[in-house]
Amino acid sequence: MSSSGPVRPPLLGELEAAVMNHLWSGGEGDAKSVHVALGKRRGITLNTIQSTLKRLFEKGLLERDKVSHAHVYKARVSREEFHRDLVGELVGGLMDGQAEAVVSAFVDVTERAGLEHLERLEALVAERRRKLERGPR
């Protein structure tokens, strides 16, 4: 059973990230199907995949339904939500006393991602500025 509270984005290990990416791409799966997709190629056992799925469920990132004798898992949060919340958590922690350096680094990273991302960032900043100038309604 999953909790209904907000999910605080945890950092993921390599296998946890691979499992989340698999489920985000494929929708859902039980331990056997995830093992076929990821475990055999990596030379890891079904038990390792089962433990990883259980750990991700306990972290609040997966939900599961019991179907016959197996749990079928699916992502509880979208990939975009997870990454947005994770970056927000990390950057929020870094902003404490280092705001100028963090903002500068963020713009640098955005610039390296491509002109379209820099333009998107400019549009988001302009939109936020307009909202702030209008004030709460």
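**Entry 1: two helices side by side**

I count two residues as in contact when they have heavy atoms within 4.5 Å. With that settled, I opened this predicted model and went to helices H4 and H5. Val-91, Leu-94 and Met-95 of H4 meet Ala-99, Val-102 and Val-103 of H5. Sorting this contact by class, I got six nonpolar residues, no polar ones and no charged ones.

Next I looked up the geometry. Two packed helices are described by the angle between their axes and the distance between the axes. For H4 and H5, the axes come within 8 Å and cross at roughly 140°. Roughly antiparallel would need an angle over 145 degrees, so I wrote the pair down as oblique.

**Entry 2: a second helix pair**

I moved on to H1, residues 14-26, and H3. Their axes come within 10 Å and cross at roughly 80°. Angles of 65 to 115 degrees count as roughly perpendicular, and H1 and H3 therefore go under that heading.

Which residues of H1 and H3 make the contact? From H1 I listed Leu-15, Glu-16, Val-19, Met-20 and Leu-23. From H3 I listed Thr-48, Ile-49, Thr-52, Leu-53, Arg-55 and Leu-56. By class, the contact of H1 with H3 has seven nonpolar, two polar and two charged residues.

**Entry 3: Thr-52**

One name from that list made me stop: Thr-52, which sits in helix H3. Is Thr-52 buried or exposed? Its relative accessibility is 1%, and buried means under 20%, so Thr-52 counts as buried. Setting aside residues up to four places away in sequence, I found Thr-52 touching Leu-15, Glu-16 and Val-19. Those three names are also on the H1 side of the contact I listed above.

**Entry 4: Ile-44**

Staying close by in my notes, I checked Ile-44, in the loop between H2 and H3. Its relative accessible area is 23%, which makes Ile-44 partly exposed. Beyond residues up to four places away in sequence, Ile-44 touches Leu-15, His-35, Gly-39 and Ile-49. I also took down a distance: Ile-44 and Leu-11 are 33 residues apart in sequence and 21 Å apart in space, C-alpha to C-alpha.

**Entry 5: Ser-68 and its phi**

Most residues other than glycine have a negative phi. Ser-68 caught my eye here, with a positive phi of about 60° although it is not a glycine. Where is Ser-68 placed? I found Ser-68 in the loop between strand E2 (62-67) and E3. At 61% relative accessibility, Ser-68 counts as exposed, the cut-off being over 50%.

**Entry 6: Ala-75**

From that loop I went on to strand E3, where Ala-75 lies. Ala-75 has 22% relative accessibility and so counts as partly exposed. Leaving aside neighbours within four places in sequence, I noted that Ala-75 is in contact with Met-20, Trp-24, Gly-27, Leu-61 and Leu-62. I then compared positions along the chain: Ala-75 and Lys-32 are 43 residues apart, and their C-alpha atoms are separated by 17 Å.

**Entry 7: the largest pocket**

Now for empty space. Rolling a probe the size of a water molecule over the atoms shows where empty space is left. The largest pocket holds about 740 Å³ of space. I counted 20 lining residues, with Phe-106, Thr-110, Leu-121, Leu-124 and Val-125 lying nearest the centre of the pocket.

Which helices each supply at least two residues of this lining? My list reads H4 (79-95), H5 (99-113) and H6 (115-134). H6 gives the most, with eight residues. The lining of the largest pocket divides into twelve nonpolar, four polar and four charged residues.

**Entry 8: the second largest pocket**

My last stop was the second largest pocket, with about 180 Å³ of space. Its lining is made of Asp-30, Ala-31, Lys-32, Leu-46, Gln-50, Lys-66, His-69, Ala-70, His-71 and Tyr-73. H2 (31-42), H3 (46-58) and E3 (70-75) are the elements that give two or more residues to that lining.

Which element has the largest share of this lining? I wrote down E3, with three residues. By class, the lining of the second largest pocket has four nonpolar, three polar and three charged residues.

Key: Residues are numbered from 1 along each chain as its sequence is written. This is a predicted model: local features need pLDDT of at least 70, side-chain atom pairs count only at pLDDT 80 or more; totals for chains, interfaces and linings use all residues. Side-chain values use heavy atoms; hydrogens and water are left out. On a 1 Å grid over the protein atoms alone, a cavity is a set of points where a 1.4 Å probe fits but cannot get out, and a pocket is an open set with protein on both sides within 12 Å along at least five of seven lines; lining residues have an atom within 4 Å of a point. Grid points are joined across faces, edges and corners, and a volume is the space filled by probe spheres set on the points. Helices (H or I, at least four residues) and strands (E, at least two) are DSSP runs, numbered from the N terminus. Ala, Val, Leu, Ile, Met, Phe, Trp, Tyr, Cys and Pro count as nonpolar, Asp, Glu, Lys and Arg as charged, and the others, Gly among them, as polar. Buried means under 20% relative accessible area, exposed over 50%, partly exposed in between (1.4 Å probe, protein chains only). Axes are lines fitted to C-alpha atoms, for helices over the stretch in contact, and angles run from 0 to 180 degrees between N-to-C directions. Angles under 35 degrees count as roughly parallel, over 145 as roughly antiparallel, 65 to 115 as roughly perpendicular and the rest as oblique.
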